[in-house]
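Here is a short guided tour to read alongside the coordinates. Keep the viewer open and follow along from the surface to the strands and back again.

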Amino acid sequence: RRVLFRSSEFSIILMAIGLNLGQVSEELFSLVVAITVVTIIISSAFLNNLNPIYKRIGPYLRFLEWRKLARATHDKPLKDHIVIFGFGRMGEMMVDHYKGRQKVVVEWDPKKIARAKAKGCHVVFGDAGDPDVWEEVALGKANLVVSTIVENMDDDIHLGRWIRKHHPQTVSVAVSGHKEEVRPLKRAGYDFVLWQDEADWLHLKKYLDKTNIRKRVLKRR
């Protein structure tokens, strides 16, 4: 979901050189400068609000998405499983912590997808902010949901609020790259938010070991 469509500052430099050489008219130079300024303003506003815009137009763009890279081929129906968004270092740590459990990894990087498959995980191609992916991984039937995306707090908040509203008994964990993001993520409904990687991971393991996720699911039923 990255969009690059603006005229760059380099265009002004080229046009200025052309103007000095007498190969570009002042009218054309002024027009290029105006277009560059306008597109910079528009593209900046667009990129700052990309997630809300995508959520509105996303349903009309499904035919453009490529999802055959890694479809989940489940040996059995997904239920009481663990969903991990992102398979970086923290995602691998979560997978290793829950050996023997049914795990689904949501990822789009081919190299990370290969690593997740090598560890016996079911893999779905997608990202944490896509409700269609939530349906595909049976998010509502999961015992534990972990988002390790880090780069996109808007998607993490959207995901956390949905879990809290529809499946409050599901244990949810988010990973943040900045301390100031911890409070908004907790307000969104996450049970645990990490932001110091290794240090917080030790606390998270204690929390997960103490929290019987199966027991919480039984309360929901």
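Let us begin on the outside, with a nonpolar surface patch of about 520 Å² made by Phe10, Ile13, Leu14, Ile17 and Leu21. Please keep in mind throughout that this is a predicted model. One member of the nonpolar patch, Leu14, sits in helix α1, which spans residues 9-20. Leu14 has a relative accessible area of 47%, so it counts as partly exposed.

The surface also carries a patch of another kind. Arg161, Arg164, Arg183 and Arg187 gather there in a patch of positive charge. Two helices, α7 (153-166) and α8 (182-188), each supply at least two residues of this positive patch. Arg161, for instance, belongs to α7.

Now for the strands. A good place to start is β1 (residues 82-85), which runs parallel to β2 and is joined to it by four bridges. Within this pairing, Phe85 is placed opposite Val106 of β2. Strand β1 also pairs with β4, again in the parallel sense and over four bridges. Here Ile82 has Leu144 of β4 as its bridge partner.

From β4 (residues 144-147) the pairing continues to β5, with four bridges between the two parallel strands. Leu144 is opposite Val171 in β5, and Val145 has Ser172 of β5 as its bridge partner. Leu144 therefore appears in two pairings, with Ile82 of β1 as well as with Val171 of β5.

How enclosed are these strands? In β2 (residues 103-107), five of the five residues are buried, so the strand is largely enclosed by the rest of the structure. The same reasoning applies to β5 (residues 171-175): five of its five residues are buried, so β5 too is largely enclosed by the rest of the structure.

In a regular strand the side chains alternate between the two faces of the sheet. You can follow the directions in β2, where Lys103, Val105 and Glu107 point one way and Val104 and Val106 the other, and all are buried. In β4, Leu144 and Val146 point one way while Val145 and Ser147 point the other, and all of these are buried. In β5, Val171, Val173 and Val175 take one side, with Ser172 and Ala174 on the other, and again all are buried.

Next, the charged contacts: the structure holds two salt bridges. They are set out here with the N to O distance of each pair.

| Salt bridge | N to O distance |
|---|---|
| Glu92 and Arg115 | 3.0 Å |
| Asp96 and Lys119 | 3.1 Å |

The salt bridge between Asp96 and Lys119 starts from helix α4, where Asp96 lies, and reaches Lys119 in the loop between α5 and β3 (122-125), so the pair ties together parts that are 23 residues apart in sequence. Asp96 counts as partly exposed at 34% relative accessibility, and Lys119 is partly exposed with a relative accessible area of 35%.

In the salt bridge of Glu92 with Arg115, distant parts of the chain are linked: Glu92 is in helix α4 (residues 89-97) and Arg115 in helix α5 (residues 110-118), 23 residues apart. Arg115 is partly exposed, its relative accessible area being 34%.

Two backbone details in the loops are worth a look. Asp80 is not a glycine, yet it has a positive phi of about 55°. This aspartate, Asp80, is in the loop between α3 (50-57) and β1. With a relative accessible area of 19%, Asp80 is buried, because the cut-off for burial is under 20%.

The other case is Ala138, a residue other than glycine whose phi is positive, near 50°. Ala138 is in the loop between α6 (131-136) and β4. Its relative accessible area is 18%, and Ala138 is buried.

One last loop position brings us back towards the positive patch. Where is Glu181 found? It is in the loop between β5 and α8. Is Glu181 buried or exposed? Glu181 is buried, with a relative accessible area of 15%. The C-alpha atoms of Glu181 and Met153 are separated by 7.7 Å, although the two residues are 28 residues apart along the chain. As a reminder, α8 (182-188) is one of the helices that supply at least two residues of the positive patch.

Technical notes: Residues are numbered from 1 along each chain as its sequence is written. This is a predicted model: local features need pLDDT of at least 70, side-chain atom pairs count only at pLDDT 80 or more; totals for chains, interfaces and linings use all residues. Side-chain values use heavy atoms; hydrogens and water are left out. Patches are made of residues with over 30% relative accessible area and no salt bridge: like charges are joined within 9 Å, nonpolar side chains (Val, Leu, Ile, Met, Phe, Trp, Tyr) within 5 Å. Accessible areas come from the Shrake-Rupley method with a 1.4 Å probe; for residues, only the protein chains shown count as cover. A salt bridge is a side-chain nitrogen of Lys or Arg within 4 Å of a carboxyl oxygen of Asp or Glu. Lys and Arg count as positive and Asp and Glu as negative; His and the chain ends are not counted. The place of a charge is taken as NZ of Lys, CZ of Arg, CG of Asp or CD of Glu. Buried means under 20% relative accessible area, exposed over 50%, partly exposed in between (1.4 Å probe, protein chains only). Two strands pair if DSSP finds at least two bridges between them.
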